[in-house]
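Subject: The structure I promised you

Hi,

Here is the structure for you to open. Have a look around it first, then read on.

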Amino acid sequence: IGIMATRSTITELMVSGNDKVHKQTFYQADGGTELAQHLLFNNSICTTTSGGFEKTGTIDGNDIATLKGTILIKDLIFSEMLTADPFANISDTNRSFAYYPDATLSDTAPHTNFLNTSESVPIEGSPRQMDSGYELLGAGAPSGTARLYSVAAQHHGADNSKSRLMVRWRLDNFIISNAVKSDCKY
């Protein structure tokens, strides 16, 4: 009975340990989508005011920016990237930027990759939608367009665990077009 109790305890500890690793990986990817939204917003502002993030070096002949020592930007202007499906295409070799919790910037360490797409969409209630037959959206609603981002985040965690998420995020083009240089933080 003692041996069976010990084996059962060991098995339960292994299961809970695996569960902990996979939950941490999921929440790292989920938190990464928040970071991605922040960087997309700032890249959009920097694109209109400064031409994108400031170059800090090159990798394989491509310009890169390193923000706060742990975020590697592979494309200095990624706010307008268009790819077929960011969720299916995200990888260590195909990414807009990567977040590394440590400063090694090594693909073997735990890290999160991001890949994004964007498209222009009309704002709800705009005259364009009203003319197209959309009803009850408010004649006095603001008009214009917004940029709709699809952000895929992939986290590589401990013990070869991986988690992938995709979120959609909308940014009004009015905000982007009215930015000033002091709004650009990077």
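Below is what turned up, starting with the charged pairs and ending with two odd backbone angles. Keep in mind that this is a predicted model.

**Salt bridges**

Some background: side chains of opposite charge can pair when their charged atoms come close. How many salt bridges are there? The count is five.

A good one to start with joins Asp19 and Lys23, at 3.3 Å from N to O. Both residues sit in helix α1, which covers residues 2-50. They are four residues apart there, or about one turn of the helix. Are they buried or exposed? Neither, really: Asp19 has a relative accessible area of 38%, so it is partly exposed, and Lys23 is also partly exposed, at 47%.

Next, find Lys55 and Asp63, whose side chains form a salt bridge, again with 3.3 Å from N to O. Lys55 comes out at 45% relative accessibility, which makes it partly exposed. Asp63 is partly exposed too, with 35%.

Then there is the salt bridge between Glu119 and Arg168, at 3.2 Å (N to O). Which parts of the chain does this pair link? Distant ones: Glu119 belongs to strand β5 (residues 111-122) and Arg168 to strand β7 (residues 162-172), with their positions 49 residues apart in numbering. Glu119 is partly exposed, with a relative accessibility of 42%.

Besides these pairs, look for Asp92, Arg95 and Asp107: salt bridges with shared partners tie these three into one network.

**Two backbone angles to check**

Now for the backbone. Which residue has a positive phi of about 50° although it is not a glycine? That is Asp60. You will find Asp60 in the loop between β1 (57-59) and β2 (62-67). Its relative accessibility is 75%, and the cut-off for exposed is over 50%, so Asp60 counts as exposed.

Lys68 is another non-glycine with a positive phi, this time about 55°. Where is Lys68? In the loop that runs between β2 and β3 (71-73). With 71% relative accessibility, Lys68 counts as exposed.

If you want a route through the model, begin at the Asp19 and Lys23 pair in helix α1, go on to the pair that links β5 and β7, and finish at the loops that hold Asp60 and Lys68.

Happy browsing!

Note on methods
Residues are numbered from 1 along each chain as its sequence is written. This is a predicted model: local features need pLDDT of at least 70, side-chain atom pairs count only at pLDDT 80 or more; totals for chains, interfaces and linings use all residues. Side-chain values use heavy atoms; hydrogens and water are left out. A salt bridge is a side-chain nitrogen of Lys or Arg within 4 Å of a carboxyl oxygen of Asp or Glu. Buried means under 20% relative accessible area, exposed over 50%, partly exposed in between (1.4 Å probe, protein chains only).
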